[in-house]
Amino acid sequence: MTTLAEREHVGMDDAFAHALETPPMVGLELTPLVTPRKFSEEGLRMRHCAGSYVARAGAGACFIFHVDFKGAGGETWCGTAEFLPSEHGMVLGQLRGRANLPAPNNVRGILEQATRHMRKTINVARESIHRRTEKRASAAAKEPGGAGAP
């Protein structure tokens, strides 16, 4: 049986999927973490604190992805990427491997290039999250005993 927490997205909806429309990145695969369970699994698998970012991601303060990289020479790396909203749309924040080890420079470079492309599309997701948050707050205020109740 799937729990509510497993079904509930953490603030990322269908609009967020547009951010994944990145140019082909040779050997790089990004998987968004979109449920509390996925955040927890990422933290356990990677042995770091990804699970603690659920609330921040739900508020649109960051976007978290699992990253898998396979280089042309056969080298592999996996980790977790944090993308942060900025006045320019989005910037690459943290990029960490297992046990918080830093990412190789070539992986960081590829992700920074992809970030420049994704900046415009990530704004669609941020605006959607903002609208949904406002709608929830408005609905809560209208409920008996809500913030707007006398």
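**Figure 1. The surroundings of T80 in strand β3.** In this predicted model, T80 keeps company with E42, M46, H48, A50, I64, F65, Q94, L95 and R96, once its neighbours within four places in sequence are left aside. Its home is strand β3, which runs over residues 76-84. T80 counts as buried because its relative accessibility is 7%, under the 20% limit. While you are here, look for the polar contact of 2.9 Å that joins the side chains of T80 and H48.

**Figure 2. H48, the partner of T80 in a side-chain polar contact.** Now take the view from the other end of that pair. H48 sits in the loop that runs between α3 (36-46) and α4 (54-58). Is H48 buried or exposed? With a relative accessible area of 14%, H48 is buried, since the limit for that class is under 20%. Not counting residues up to four places away in sequence, H48 touches E42, G43, T80, R96, G97 and N100. The side chains of H48 and T80 come to 2.9 Å in their polar contact.

**Figure 3. The largest cavity and its lining.** How many cavities of 30 Å³ or more does a search of the whole structure find? The search finds 1. About 120 Å³ of space lies in the largest cavity. H48 and T80 from the previous views both belong to its lining, together with C49, A50, Y53, I64, E82, Q94, R96 and N100. Two strands, β3 (76-84) and β4 (91-97), each provide at least two of the lining residues. Sorted by class, the lining holds 4 nonpolar, 4 polar and 2 charged residues.

**Figure 4. A99 and N100 in the loop between β4 and α5.** N100, a lining residue of the largest cavity, is found in the loop between β4 and α5, and A99 lies in that loop too. Helix α5 covers residues 105-142. Most residues other than glycine have a negative phi. Against that background, check the backbone here: A99 has a positive phi of about 55° although it is not a glycine, and the phi of N100, also a residue other than glycine, is positive and near 65°. A99 counts as partly exposed because its relative accessibility is 40%, and N100 is partly exposed as well, with a relative accessible area of 36%. Both values fall in the class between buried, under 20%, and exposed, over 50%.

**Figure 5. The largest nonpolar core.** Which members of this core touch the most other members? Of its 16 residues, they are V67, W77, A81, F83, L95, V107 and L111. The elements giving two or more residues to this core are β1 (28-32), β2 (63-70), β3, β4 and α5. Among these contributors, β2 gives the most, with 4 residues. For a closer look at one member, turn to L95. Leaving aside its neighbours within four places in sequence, L95 is in contact with V67, W77, T80, A81, L101, P102, A103, V107, R108 and L111.

**Figure 6. A second, separate core.** This core has 6 residues, including F39, Y53, A57 and I64. Two of these names should be familiar from the cavity view: Y53 and I64 also line the largest cavity. I64 is in contact with T80 as well, which brings the tour back to the residue of the opening view.

Terms used: Residues are numbered from 1 along each chain as its sequence is written. This is a predicted model: local features need pLDDT of at least 70, side-chain atom pairs count only at pLDDT 80 or more; totals for chains, interfaces and linings use all residues. Side-chain values use heavy atoms; hydrogens and water are left out. On a 1 Å grid over the protein atoms alone, a cavity is a set of points where a 1.4 Å probe fits but cannot get out, and a pocket is an open set with protein on both sides within 12 Å along at least five of seven lines; lining residues have an atom within 4 Å of a point. Grid points are joined across faces, edges and corners, and a volume is the space filled by probe spheres set on the points. Ala, Val, Leu, Ile, Met, Phe, Trp, Tyr, Cys and Pro count as nonpolar, Asp, Glu, Lys and Arg as charged, and the others, Gly among them, as polar. Buried means under 20% relative accessible area, exposed over 50%, partly exposed in between (1.4 Å probe, protein chains only). A polar contact is a pair of N or O atoms within 3.5 Å; within protein, one must be able to donate a hydrogen and the other to accept it, and residues adjacent in sequence count only if both atoms are side-chain atoms. Contact means heavy atoms within 4.5 Å. A nonpolar core is a set of buried Ala, Val, Leu, Ile, Met, Phe, Trp, Tyr and Cys residues joined through side-chain atoms within 4.5 Å.
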